[in-house]
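Open the model in your viewer and keep the sequence panel beside it. The stops below say what to select and what to look for at each one.

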Amino acid sequence: MTVLNIDTPPVDAPSPDFPPAEARPANGPYQNHINIKVCRQDGTSLQFLIKKTTPFDRLMKTYCTRSDLPLNGVRLRFSGIQVCRLDTPLSLEMEECDFLESLHDF
């Protein structure tokens, strides 16, 4: 998993660090990866490059470590639905540059 653009101001801005899916080679090393943004409550976001089959548990642990937040105090939502730690981008049918909302329970 790769963390990109620690504080990306606008949610829909493209990442300059990693090309979007359409610019990647079809048979390259990142063909099974997806860019996902986690939007904080203050409007900033973290961008992650993860495999489509990686459980969100890994993303949540990395997000909490980078944001200095307790793991048990953070929930993620996608399209208004709470994300389970065992869910994957593939199981939620996420697309390139979709975003997750971060909710803090403390």
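## A tour from loop to core

Start with Cys-97, which is partly exposed, with a relative accessible area of 35%. Cys-97 sits in the loop between strand 5 (81-82) and strand 6 (98-104). Its phi is positive, about 65°, although Cys-97 is not a glycine. Most residues other than glycine have a negative phi.

Before going further, colour the chain by pLDDT. This is a predicted model, and the mean pLDDT of the protein chain is 83, with 73% of its residues reaching 70 or more. Select residues 6-12 next: pLDDT stays under 50 there, and the model has 15 contacts beyond four places in sequence for this stretch.

Now select helix 1, residues 56-67. Does its length fit the expected span, or depart from it? At 1.5 Å a residue, the 12 residues of helix 1 should span 16 Å, and the end C-alpha atoms are 16 Å apart, which agrees.

Stay on helix 1 and show the side chains of Phe-56, Asp-57, Leu-59, Met-60, Tyr-63, Cys-64 and Ser-67, which are its buried residues. Turn the view to look down the helix axis: these buried residues fall within an arc of 160°, so they line one face of the helix. On the other side of helix 1, select Thr-65 and Arg-66, which are exposed.

What does the buried side of helix 1 pack against? Its buried residues pack against strand 2 (33-39), strand 3 (45-51), strand 4 and strand 6.

Next, go to the largest nonpolar core, which has 18 residues. Select Phe-56, Leu-59, Tyr-63, Leu-76 and Leu-100, the residues with the most contacts inside this core. Strand 2, strand 3, helix 1 and strand 4 are the elements that give two or more residues to the core. Helix 1 gives the most, with 5 residues.

Centre the view on Tyr-63. Leaving aside residues up to four places away in sequence, Tyr-63 touches Val-38, Arg-40, Leu-46, Phe-48, Leu-69, Val-74, Ser-102 and His-104.

For the last stop, follow the chain just past the end of helix 1 to Asp-68. Asp-68 lies in the loop between helix 1 and strand 4 (74-78). Is Asp-68 buried or exposed? Its relative accessibility is 70%, and because exposed means over 50%, Asp-68 counts as exposed. Check its backbone as well: phi of Asp-68 is near 55°, a positive value in a residue other than glycine.

Technical notes:
Residues are numbered from 1 along each chain as its sequence is written. This is a predicted model: local features need pLDDT of at least 70, side-chain atom pairs count only at pLDDT 80 or more; totals for chains, interfaces and linings use all residues. Side-chain values use heavy atoms; hydrogens and water are left out. Helices (H or I, at least four residues) and strands (E, at least two) are DSSP runs, numbered from the N terminus. Buried means under 20% relative accessible area, exposed over 50%, partly exposed in between (1.4 Å probe, protein chains only). The expected span of a helix is 1.5 Å times one less than its number of residues. The arc is that of the directions from the helix axis to the C-beta atoms. Contact means heavy atoms within 4.5 Å. pLDDT is the predictor's confidence in each residue, from 0 to 100. A nonpolar core is a set of buried Ala, Val, Leu, Ile, Met, Phe, Trp, Tyr and Cys residues joined through side-chain atoms within 4.5 Å.
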